[in-house]
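Me: I am a first-year student with a protein model open in front of me. Please take one part of it and walk me through it closely, in short sentences.

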Amino acid sequence: MARSPLFKLIAVLQCALLHLVSFNGCATLITGTKQNIAIESEPSKANVRVETIGGLEVASGQTPMTVTLARKSEYMVIVKLSGYKEKRVEIGKEFNPVAVLSILAGVLGIFVDLATGAAWNLVPERIFVTLSTATLSSPEVIITVEYQNGFTKVIKEPLVAEEAK
C-alpha cells in the first residue's frame, strides 16, 4: 500500500518535532532559562543589590526595577535606603509545571530542563518592600573588661545625656 506525499510529510514533521522536544526540554523551549523579577519599594529610589545565595552580586540598581535572573539559582535581594532599616527578601525556586511535558515527550528532555534551570520557576515574581525608618531603640554603652586571669565581664549601661547646669 503506497503512502501519499501528505502522509509522508506529516510523518517527517512528527519525527522532527519529537526529535526537537526530546533533545530540548519543553520548559527550555516554552518558558526559557531566565525569568524577570520586579522589585519595588516604598519609598521608591531605594538601592537594590541582588546576590546569589553564595554572595555573588548579579544585579544592582534602584527601585522600581526589573531584573532578569537565571532560573537555576536562588537569590537574596537586599534593599537599602539611608535613614531606613535594610530589608532582605529571598528568591527561591519551585517546580515549573511545563517541565512535565518533557517527561511525557522523552526522558532526555527533563534532563535538559534540569541542567538549564528551565525546570524551575523563581518565586516571588514580584517583590514589594515597605521600608521602616531606622531608630535607636535604647542607646547604650557597652564596656568589656578583661582581667589578667582571663575572666571577661561585659557591662551594658544606658546612655544618658547630662543636663546643662
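Reply: Start with a definition. Surface patches are built from residues with over 30% relative accessible area and no salt bridge, and nonpolar side chains are joined within 5 Å. Keep in mind that this is a predicted model.

Now apply that. Leu-29, Ile-30 and Leu-101 make a nonpolar surface patch of about 280 Å². Take Leu-101 from that trio. Leu-101 sits in helix α3, which covers residues 99-105. Its relative accessible area is 41%, so Leu-101 counts as partly exposed. The cut-off for a patch is over 30%, and Leu-101 has 41%.

Next, the whole protein, briefly. The secondary structure amounts to 4 helices and 10 strands. Along the sequence, the pattern reads α-α-β-β-β-β-β-β-α-α-β-β-β-β. The protein has 165 residues, and 27% of them count as buried. Its accessible surface is about 11,300 Å², with 59% belonging to carbon and sulfur atoms. Then there are the contacts. Among those between residues at least 6 apart in sequence, 63% join residues at least 24 apart.

Now the part for the close look: strand β1 and its surroundings. Strand β1 covers residues 34-42. It belongs to an open sheet of 3 strands, in the order β4-β1-β8. The pairing in this sheet is mixed. Strands β4 (65-70) and β8 (126-130) stand at the edges. Each of these two has a single partner strand, so one side of each is left without a neighbour in the sheet. From one strand to the next, the twist averages 25 degrees.

How do strands pair in general? Strands of a sheet pair through backbone hydrogen bonds, and the pairing is either parallel or antiparallel.

Look at one pair here. Strands β1 and β8 run parallel, and 5 bridges join them. One residue pair to find is Ala-38 with Arg-126: Arg-126, in β8, is the bridge partner of Ala-38.

Move to Ile-37. This residue lies in strand β1. Is Ile-37 buried or exposed? Its relative accessible area is 0%, so Ile-37 is buried. The cut-off for buried is under 20%.

What does Ile-37 touch, leaving out residues up to four places away in sequence? The list is Met-65, Thr-66, Val-67, Leu-69, Ile-91, Leu-122, Pro-124, Glu-125 and Ile-127. Now compare sequence with space. Ile-37 and Arg-126 are 89 residues apart in sequence, yet their C-alpha atoms are 5.7 Å apart.

Pro-124 is one of those contacts of Ile-37, and its backbone deserves a look. The peptide bond from Val-123 to Pro-124 is cis, with omega near 0 degrees. Pro-124 lies in the loop between β7 (120-123) and β8.

Another cis peptide bond joins Glu-42 and Pro-43, where omega is about 0 degrees. Pro-43 lies in the loop between β1 and β2 (47-52).

Lys-45 is found in the loop between β1 and β2. Its phi is near 70 degrees, a positive value in a residue other than glycine. Lys-45 has 53% relative accessibility, so it counts as exposed.

To recap with two residues: Ile-37 in the strand is buried, whereas Lys-45 in the loop is exposed.

Definitions and conventions:
Residues numbered from 1 in each chain as written. Predicted model: local features only at pLDDT ≥ 70, side-chain atom pairs only at ≥ 80, totals over all residues. Heavy atoms only, no water. Patch = residues over 30% accessible without salt bridge, like charges linked within 9 Å, V, L, I, M, F, W, Y side chains within 5 Å. Areas by Shrake-Rupley, 256 points an atom, 1.4 Å probe, with all protein chains shown as cover. Salt bridge = Lys/Arg side-chain N within 4 Å of Asp/Glu carboxyl O. Buried < 20%, exposed > 50% of the residue type's maximum accessible area, 1.4 Å probe, protein only. Pairing = 2+ DSSP bridges. Axes fitted to C-alpha atoms, helices over the stretch in contact; angles between N-to-C directions. Contact = heavy atoms within 4.5 Å.
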